Structures are given as C-alpha cells and as structure tokens.
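Student: I have a structure to go through with you. Can we take it piece by piece?

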Amino acid sequence: MTRLRKAKKRSFVRLPGRNPYRDQVQGRALECQAVVDLLRRAAESIPGTLFQPTAEEVVHRLSENSPRVAVISGSLDHTAHLRDHETVLLLAREVWKQGGVPFTFGLPTVCDGTAQSTLGMSYSLYSRNVASETVITQMEAHSYHGAIVIQGCDKTPFAVLNGLVLLDRLRQERGDHSVSAVFAPVHVLRGGNLSENTRARLLQIAGCAEKKEGSKIGQEIREVLGSILLCTTNQSFQAIFERGVAEGFLSKKEKLQLENEIAAATSHPAGGMCSFNGTGNSTRFVMAALGLVPPSIELLCRPAGEEEVEEVVASYLRQVVSKEGGVLSFVEKNFSNAVRCHSSMGGSTNLILHLVACMNYAGYDFSIEDYFRIKDREILPDLLRYSLLSGRDIFRLALERKRGGHRGVESVYGLLHELGIKVDLLAPTVTGKTWKQRIRGGSRIQSELLGAVPVSRRSGIDRFRSNFFSSAVVKISGMSQKQRNEFNRRVFFVLYCENEEEATELLQDEHAVKKKILKGLTSSRLKTISRLHGGSNRKGSKETILNEMWEEGRLKLAFLIAGQGPAAFGMPEMFTPMQIINSSMRLREASMLLTDGRYSGVTQGPAFGHVSPEAFHDGGILFLKTGDLLYVDFEKCRVDLLDSQKFDVGRTVALRGMRWAVSRKSLGEERKKRMVRRQSQLAACVRLDQASSVEYGVVPRAVQELAGRTFKTDRSGKR
C-alpha cells in the first residue's frame, strides 16, 4: 500500500523485474500510438477529462516499466457487453491517472441464450477454449503485465481466468513478473414488462383453455405470467404456445405474433447480465469468492461509474506492486472457498466444467472427483432464496446490496463461518485484506434473498454414478424437497432420443410421448410399475392403465438425449428440452432428462447432464433404448439400468457390468454412423475430439497432459 502511494506522488508506477517489451524500441514505437489514441478517445468521450498524454509521455512510462494493463472486453453483440465501450474508456483513463499504461483488446463472447437450440450452441463450449488461447496469445505477444477484465456472462470469465492462470504459471517458471488481474462484473439486467394488450390476450387464451376438460394450458400460462420476464421465460411461453396450437387455442400466426411481442418486451436498453441464477451469475459469485473482485463492483444495478472504476484500478495496481503473487496465487488459496460458495449459492451445473478446467490450466491434475472431494466434506447449506415466480432474482439481490441489506459474497463468507462451515478466512483478496478482515463486524443482514437460516440443508450439484456411466451431475438446488421425494427410488421408463432436435419434437407432442410409451411397455410391466409406486391393482386396456397412471403421476419417464457430448457435437446445452418439460404441468411431474450434453445454471428439475463417457466414446448411454428401465436413488446418488427380465417377475435388480451392451453392439455402431453424418453440419474446427473428457473439464489435451501437480486441502480448506 505504501509503495502505491509513493508511486502516485511521482505520477507513475515503476515495476521492478524483467519485461522483454521494455528493451524493444520497435514495440515502443508502435504501441505508444495505440495508448495515445485510446486516451484521446477517452478524453473526447468522458466529460471533465483534463489530460491527454503525448507520445513522448507514453514512451517514457513504457521505458520506465510502468504496469502495462490490458483492459479485456467482450463483443458488443452480447447483451452483457453493450456498455463495454464506455467502461473501457473509463478504465483506460483511470489506469493512466493512477500511474499505469492502458491497452485494450476484445474477445468473442457467445451468448448462450442467443445460440440456444441452434447449431450455435455447439460452438459455445469450444469458444471458451478459443478465448483462453486468445488471451494467452495477446498477453504474451504484447507482454502485458496483467489485465482488468470486464466480466460478462457464462463461460467467458473463466475463459479469461484460465488463460491468465496458465500464463502466470508460465511466467513464474521463466522468472518474469507475475500476471496480476482484477475482474469487474457487468451490472445485472432488469427483467421486462409485458404490455397490457399482450397480457390481456394471454389471459383470454388461458380462460378459454381452462374451460376445456383435461387441458392444462390455462394453468401453465398463468404460472409463467407470474414469473419475472426474462429470456428463459420466453422459452417457457414458446413451449406452451406449441401445445396451444396443437389444442386449437391459437393459430400459428398468432403464436408468432405473441412470441415477438414478448421478446420485444423482454429487452432492456441498458443491457447487462441476465438476472436468473444461471452460469453468468454463478460465475459472478465465484469470481468474487476467489478474491478477484472489488466489493463495490460485485453487484451493480447500472453500468459502472467513475467511483467503481477508480476502486477497480486501485485494486489492480495494489496487486501488481505487491508481493502476494499473481492471479494463480489467488486461485490456489481461494479455490476451496469458491467451491463452497458456488454450492451454497445454488450454483450452475455448467460451472463445474469451468472450475475443473481452471485447475487444469493452473497446472493441477484435477478432475470432477476432486471438486466433489472438496464440496462433499460437509453438508453445505442453500443460502439463496431465489425464485423468479416470487420476484426474487439477482437484480433484486443487487438492489438489496445497494440499499445496504447485505454485503454480497462477504456476507456469504460470514454466514458460512457462523454456520460452522470450514472456510479459509486468511486467503487474500484484491482489496489487500483477507476474508477475515473483510467480514469483521459480522454478517448481520436484512435481505429477503440471503439469510442466516438456510433454505435447505442440501445445496448445489450432486454427482451421480451408474452401472452404465461413470459420472453425471444434477443441480440439487434446482429441485424442491417434495420433487426429490417424488422422484426418489422410482422406476423410470426410458424414451431414447439420438439428439436434441428429436427430443424437442417428441416433448412438444404429449400424444406422441404416450404412443411411444404404449409401443415399448406391456400391460403387465405397467401394472408392476404402478404397484411399486404405490398404486392399486389396475384393470382395463393398456391405454386405460397408462392414462390413469399419467394423471396420478405414477408413471415416471426418463428422456435420454445422446450424441451431444464434446467429441460428438461440441456439448451444447440441453436447456430447451428441459424447459419444455418444466413448462408442462403433466411432464414435469413425471419426467427426468439424462444427457451427455450440458446444462445451464437456470435448469430446474431432475436434469442429469455431463454424462461420461459420452455416447460417441462408447459410453453406456449409447446402447440404451426405448423400453429400458432405470432406477433412481437420490440418497445414494445413483441411476442404474434394471434387469428387465427380473423386473417382470417382481424383482428390482440392477444389471452388473456392461455385458448387456454386447448384444446391442450393432445398434451402437449404427447410431455412431449417424452421429458422424450429423457432425458434417458443423465446422470441423469446433469438434472437441482433441480435448480432455468431461471429467477433466474439456480442456485441450496438451493442457491436461502438462497438468501434473496435486491440489491438496486439509479439513479447514487451507492450502
């Protein structure tokens, strides 16, 4: 801190140590023009800017080894990054003002909401690895000391962090200056408001549907109308409208018109990060828990202003001149804390991939099993009272933060500590204080969304095992205890889908679902399932028994979507099929979804994803077929394939080993041929067949092979 104050007095900061850039006059000649122009644009755009340095002044700082700071932004076609241009200029001006030399570069930032249910989703996870490579390339080629990151949504913040931790490790091994970093999350996007005309028409449709016996559409519309209007809400409306067209309550033309009206009402001119508790906001909390975010900018309701920017730059310069080490040190010392924070805030399923990947980039031989070794040491409470149906989104949490109702992640650390959860309070943060110093004074809060009494004693994500896969994950915090009880120790009838398109088409037509069930189930097997699930002895035709079980919730369905893994199709999210299930009152009471694709943080209900090995690598999911039976046990965290022959004589027995798959070898081969043909829809470069498995975060194979260190924690979570 003293060194920083002294640096301010002499108008610029001088760093000790080696910087290859400083000795190359050609680079100084070229890069000074970039700095001069960046600061010229800042002076023209920001009222009250009283300085505009000359080329000579810039070159002098460069030759004196002032911190060369890259302000990393996203692309302006992403809602979270709409204000990046203004923020870059504010940060650049402040970096110069506080004694550094500012630069800037941008990254491609795929919006998963925009790409959802299109081929674009197959480019999403791939873009994370590309962005990491871009960060490393640009930082190395121009010898930047570190970065101030305008933190956007989904996988991009970890893409940047992954690149920075690998680079920090590399530079330390070379004897160069450590890579420092500060993350500045963008503000939270406000939900939209439907026009009175649109709302009135939706209520009219709901009223008509409620008059028709057996239709659930009216109730479904009213339920979604009670939710905060976000892009995810649009998907629910779309699924309901599809069923509405099938049942004759609206035409295809009116369906499109309503979709357009709702989409236009959802947008907010200020942009920002979507306010549902998905991967974007889970990443927001985790980056803060890693100690990389100044508290004033952690949760904003509006774009960052001059006051927040000043603290961000001060935090960066404090770090770059300190002896604490670079970004790698912050990640190592805070990682176990971040896992516990991720879990207790109802974290995203996707984020497990990114956390595991980050540790591999940091040089650790780290898998999903290591993540759960940290997470499962204690039963972590669910602290976030999040509900879009009750008006409690992350924008509301940000408003509470602004009003002083809580202190963001500082309050989370304080609550975990008070509840007896082992967190390392001596770990450093970019404020220059440890967590112990930051939470001094207790965590007393006045918040409707965050509180000392846990919502649940079980939170976050659980890892499931099986007799046909080694690992899958499900977001437990996305399920109520009632739902977990309803799905626990139940037999599920498999409906197999080879890809997302096939699953979406099937799920939108409940009659097609019933037809497929009737084709794959015998009357005796239906009756056996009914008895196991607490039903009485059934009489009548197979169709009659099915309808009775469907209405009573006795029949449980497992929709399997294969061929979506990293090597097969880039591991797109399966959000849309799950949202169709959640928007249907019939399906959500009966259905789970299991896939080798991904799931986002907003997923609700029994969504089992990230199945490994994936179908393309001959995982057991490749050989399942419609009519198979699965047994789900939430207490033991298992999903097992049953022996159908023994089930028919009243015994619920799981198959042993994979010998059952031998007889289905030709079926698997035919399916893989179709997967290969389907891959031709994508650019060859996005195939992740040269990446590690899901269990190691889907990182480039070379990154995993060079990650040989062992990450160890003790009971307190300290390194």
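Student: In this predicted model, which residues is Arg586 in contact with, leaving aside its neighbours within four places in sequence?
Tutor: Start with the place: Arg586 is found in helix 27, residues 585-588. Contact here means heavy atoms within 4.5 Å. Leaving aside neighbours within four places in sequence, the partners of Arg586 are Gly214, Lys216, Glu510, Trp550 and Glu551.

Student: Is Arg586 buried or exposed?
Tutor: The cut-off for buried is under 20% relative accessible area. Arg586 has a relative accessible area of 15%, so this residue is buried.

Student: Which side chain does the side chain of Arg586 join in a polar contact?
Tutor: A polar contact needs a pair of N or O atoms within 3.5 Å. Here the distance is 3.3 Å, and the partner of Arg586 is Glu551.

Student: Glu510 is in helix 22's contact with helix 24. How do helix 22 and helix 24 lie, parallel or oblique?
Tutor: Helix 22 covers residues 510-520 and helix 24 covers residues 542-552. Their axes are 11 Å apart, and the packing angle is about 125 degrees. Angles over 145 degrees count as roughly antiparallel, and 65 to 115 as roughly perpendicular. The angle is in neither range, so the two helices are oblique.

Student: What is the handedness of the crossing of helix 22 and helix 24, and which residues make the contact?
Tutor: Helix 22 passes helix 24 in a right-handed crossing. From helix 24 come Lys542, Glu543, Leu546, Asn547 and Trp550. By class, the contact has five nonpolar, one polar and four charged residues. From helix 22 come Glu510, Val513, Lys514, Ile517 and Leu518.

Student: Which residue, 63 residues away in sequence, is 5.8 Å from Cys497, C-alpha to C-alpha?
Tutor: Cys497 sits in strand 7, residues 490-497. This cysteine is buried, with a relative accessible area of 0%. Beyond four places in sequence, Cys497 touches Glu502, Ala503, Leu506, Leu560, Ile561 and Ala562. The one 63 residues away is Leu560.

Student: Why is helix 18 called largely enclosed?
Tutor: Helix 18 spans residues 409-418. Its cover includes helix 12, helix 14 and helix 19. Among its buried residues are Val409, Tyr413 and Leu416. Helix 18 is largely enclosed because the buried count is eight of the 10 residues.

Student: Which residue with a positive phi follows helix 18?
Tutor: Look just after the helix. The phi there is near 85 degrees, and the residue is Gly420.

Key. Residues are numbered from 1 along each chain as its sequence is written. This is a predicted model: local features need pLDDT of at least 70, side-chain atom pairs count only at pLDDT 80 or more; totals for chains, interfaces and linings use all residues. Side-chain values use heavy atoms; hydrogens and water are left out. Axes are lines fitted to C-alpha atoms, for helices over the stretch in contact, and angles run from 0 to 180 degrees between N-to-C directions. Helices (H or I, at least four residues) and strands (E, at least two) are DSSP runs, numbered from the N terminus. Angles under 35 degrees count as roughly parallel, over 145 as roughly antiparallel, 65 to 115 as roughly perpendicular and the rest as oblique. A crossing is left-handed if the near helix is turned anticlockwise from the far one by less than a right angle, and right-handed if clockwise. Ala, Val, Leu, Ile, Met, Phe, Trp, Tyr, Cys and Pro count as nonpolar, Asp, Glu, Lys and Arg as charged, and the others, Gly among them, as polar. Buried means under 20% relative accessible area, exposed over 50%, partly exposed in between (1.4 Å probe, protein chains only). A polar contact is a pair of N or O atoms within 3.5 Å; within protein, one must be able to donate a hydrogen and the other to accept it, and residues adjacent in sequence count only if both atoms are side-chain atoms.
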